[in-house]
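Visitor: I have a model open here and would like to ask how some of its descriptions are justified. Could you walk me through it?

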Amino acid sequence: MRYGLYLAFAALWWISVSFASFTEREAEVMGPRNKQLYIAFVFAGAPRSLVVPVVHESIRVNLVQALCPAPICVAHVYARISRADNTHKPNDAVGDTTRVESSVVDEAVLRSLERIAGGNKVFAEYAETGSAEEKKEMVDHANALNASSKLRHDIYRAFDPRRYSMHFLRDRAFRFMTRHEQKATQGGQYDWVVHVRMDMGWSEPVSQPIFSFDENHIYVPSMWFADTPDTFALVPRRLADTYFGIDGLIIPPRVMCIGGPNFDPTTASLKGMV
């Protein structure tokens, strides 16, 4: 009996210590005005495997809930969705575009995003990869810049269209988020912005919640020997314009890598230049 009481006391002590440390950290993060943290989870591209339950459930539990614990953190989901998917082709900078046109798929994608948000806000828009509308949006963006910057956009778009489209889509998804940001955060800004792929499952929870990360750094997976992975990024809001913006990637006066290892110069042409 005494042994059982001892175990019960030890368990209660562990729970109280854990709760106290969490409460202290919660108070530190929320501050004297009891401010909640707001995180925008930004998705861009073709849904691919998002609608498979094991995928979107892993994003919901192992990423969103683990990184942004309620009630001290509020997670909002933003998605710029393309029904067309531009997939990799060897020695081809253009890629291979396939399209899915189905209201059933659309509904499944939206349900998956709502599930990930866990009852919080979801903002979604459609923009088709490879469409005439996307091309016009790209051209209009470049035409609004000065001559030197416009030329760099035109070169990248002509000779590396698949990767340009990927970066442009991410830029537009972020801009879509900024249009709703002030109202969604009750007059403020998001504290963090997360770049997330729709087709990437999370096999285990993020090891620490958002308030354990330094707001002076951008966090990406340590999975490539060089370059920044495009699979995930945890970005402080004040650095998000730099990370997501396509102009910051293209306009600085340095040499551009056009097409990467899949670029075949024999198939390139200037017909994409405008």
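Guide: Gladly. In this predicted model, an open sheet of five strands follows the order β5-β2-β1-β6-β7, with mixed pairing.

Visitor: Why are β5 and β7 said to stand at the edges?

Guide: β5 (122–126) and β7 each have a single partner strand, so one side of each is left without a neighbour in the sheet. From one strand to the next, the twist averages 15°. Helix α7 (residues 237–244) packs on this sheet and touches β6 and β7, its direction making about 135° with that of β7.

Visitor: What makes β1 and β6 a pair?

Guide: Pairing takes at least two bridges between two strands. Strand β1 (residues 37–45) and β6 are joined by five bridges and run parallel, so by that cut-off they pair. Within this pairing, V42 stands opposite H195 in β6.

Visitor: How do you know that β6 and β7 pair, and in which direction do they run?

Guide: The reasoning is alike: five bridges join β6 to strand β7 (residues 232–236), and at least two are needed. These two strands run antiparallel. Here H195 stands opposite A233 in β7.

Visitor: Why is β6 called mostly covered?

Guide: A residue is buried when its relative accessible area is under 20%. In strand β6 (residues 192–196), five of its five residues are buried, so each of them falls under that cut-off.

Visitor: Which residues of β6 cover each face?

Guide: W192, V194 and V196 lie on one side, while V193 and H195 lie on the other, and all are buried. In a regular strand, side chains alternate between the two faces of the sheet.

Visitor: What makes a group of residues a nonpolar core?

Guide: Its members are buried nonpolar residues of the listed types, joined through side-chain atoms within 4.5 Å. The largest such core has 33 residues, and F41, F43, I59, L63, L67 and I210 have the most contacts inside it. β1, α2 (53–67), β2 (73–81), α3 (103–117), β6 and β7 each supply at least two of its residues, and α2 gives the most, with six.

Visitor: Which residues is F43 in contact with, leaving aside its neighbours within four places in sequence?

Guide: Among them are I59, V77, L113, I116, A173 and V196. There is also a second, separate core of 18 residues, which includes Y38, Y78, M177 and A240.

Definitions and conventions:
Residues numbered from 1 in each chain as written. Predicted model: local features only at pLDDT ≥ 70, side-chain atom pairs only at ≥ 80, totals over all residues. Heavy atoms only, no water. Buried < 20%, exposed > 50% of the residue type's maximum accessible area, 1.4 Å probe, protein only. Helix = DSSP H or I, 4+ residues; strand = E, 2+ residues; numbered from the N terminus. Axes fitted to C-alpha atoms, helices over the stretch in contact; angles between N-to-C directions. Contact = heavy atoms within 4.5 Å.
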